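Open your viewer and get your selection tool ready. We will walk from one stop to the next, and at each one I will tell you what to pick and what you should find.

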Amino acid sequence: MSEQEQGLTTIWGAASHQGRRRSLNEDGYLATGRVFFVADGMGGHEAGEVASAEALSALSGLADVDRVEPALVEAFLEIAQQRIRAIETDSGNAPGTTLTGVLVDEREDVPYWLFVNVGDSRTYMMTNGVLAQVSVDHSEVQELVDAGTITMDEARRHPRRNVITRALGAQDGVRADFRYIPVALHDRVLICSDGLTGELTDEQITTILLEQPDPERAAGILVDAAIQAGGRDNITVIIVDVTGVDHETLGSATAPRPGEEPDEDTRPREEHDARSQGV
Ligand code: MN
């Protein structure tokens, strides 16, 4: 699908599959003109499926807003949080969900990606053929990597790799990361659940993204590759391509990009008791 808005033309595609081992698909996604999110629900006994759907339903209201800003997104996340907290379950496991993705915002007529993240689903951006992870995982293994205790490669096989430190629905409230990056022509954004990144390396993902220009087909091929690699979790992928940037906003393409470090993110080091298993 495609859409022109704010002098910006994007096309996107998405795919989601329950994988080979899980009986339910607790992932979900939302893709409209300028709002793109993946949610990976948890909680068992269908609560995870409800949690991800509730989050995406609450955030779908952002598609009707003229200007998106972090404070507004936080207000929508708070609505999602309350809906998830209200889900009743038999299992005793608190329902929750990751939530990651991007919105298109505009600042002084320059289009920006506004990246949003809670949990360990991921957003990546490919620029000039190079894939870079934009989101920072809220996970135990990411904290160990940050501390220099383990490598990224060891994190992929670590027994606690599924333990996340933030989720929508968690009892310690909503804590989201935000990051702005100017939109440039030919940007390709990848949003995915850990069912993709748990099966494929960044190098394998890069190869597929470079080989397949069509976002819908690329999303399908990535999901199929994750299934072939084991499909141990639900797999969800959205790909957004920038195919046009209006001349009046073309200045954004030459604007300097911010550094690689997340800006103004809260990264508390203390332990939280709202950890969740099995995402
Ligand atoms: Mn998952």
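Start by selecting strand β11, residues 188–192, in this predicted model. Colour its two sides separately: Arg188, Leu190 and Cys192 lie on one side, Val189 and Ile191 lie on the other, and both faces are covered, with every one of these residues buried. Five of the five residues in the strand are buried, so β11 is largely enclosed by the rest of the structure.

Now add the strands beside it. Select β8, residues 122–127, which runs antiparallel to β11 and is joined to it by five bridges. To find your place in this pairing, click Met126, whose bridge partner in β11 is Arg188. Then add β12, residues 235–245, which also pairs with β11 in the antiparallel sense, over five bridges. Here Leu190 is a handy marker, since it stands opposite Ile239 in β12.

Next, keep β12 in view and bring up helix α6, residues 202–211. Which of its residues are buried? Select Ile205, Thr206, Ile208 and Leu209. Look down the axis of α6 and you will see these buried residues fall within an arc of 165°, so they line one face of the helix. Turn to the face pointing away from that buried side, and you meet the exposed residues Glu203, Leu210 and Glu211. To see what covers the buried residues, show β8, β9 (130–133), β11, α5 (194–197), α7 and β12, which are among the covering elements.

While Leu209 is still selected, add Tyr124, Ile235 and Val237. These four are included in a nonpolar core of 20 residues, separate from a larger one that we visit at the end.

The metal site is the next stop. Which residues supply the protein donors of the manganese ion? Select Asp40, Asp194 and Asp233, each giving an OD atom, at 2.1 to 2.2 Å from the ion. Along the sequence, the spacing of the donor residues reads D-x153-D-x38-D. Asp40 and Asp233 link distant parts of the chain: Asp40 sits in strand β4 (residues 35–42), while Asp233 sits in the loop between α7 (215–228) and β12, 193 residues apart. Both Asp40 and Asp233 are buried.

Now for the aromatic rings, where the count comes to three pairs. Pick Trp12 and Phe36 for one of them: the ring centres are 5.5 Å apart and the planes stand at 70°, so the pair is edge-to-face. Trp12 belongs to strand β2 (residues 8–17) and Phe36 to β4, so this pair ties together parts that are 24 residues apart in sequence. Trp12 and Phe36 are both buried. For another pair, choose Trp113 and Phe115, with centres 6.4 Å apart and planes at 40°, so these rings are tilted. Trp113 and Phe115 are buried as well.

Finish at the largest nonpolar core, which has 27 residues. Select Phe37, Leu62, Leu77, Leu99, Leu103 and Val116, the residues with the most contacts inside it. Then show the elements that give two or more residues to this core: β4, α1 (47–59), α2 (70–85), β6 (99–107), β7 (110–118) and β10 (177–182). For a last close-up, centre on Leu62 and look beyond the residues up to four places away in sequence: it touches Arg34, Val35, Phe37, Val68, Leu72, Val73, Phe76 and Leu103.

Conventions
Residues numbered from 1 in each chain as written. Predicted model: local features only at pLDDT ≥ 70, side-chain atom pairs only at ≥ 80, totals over all residues. Heavy atoms only, no water. Buried < 20%, exposed > 50% of the residue type's maximum accessible area, 1.4 Å probe, protein only. Helix = DSSP H or I, 4+ residues; strand = E, 2+ residues; numbered from the N terminus. Pairing = 2+ DSSP bridges. Donors = N, O, S within 2.8 Å, 3.2 Å for Na, K, Ca; no water. Arc of directions from axis to C-beta. Contact = heavy atoms within 4.5 Å. Phe/Tyr/Trp six-rings, centres within 6.5 Å; stacked < 30°, edge-to-face > 60°. Core = buried A, V, L, I, M, F, W, Y, C linked by side-chain atoms within 4.5 Å.
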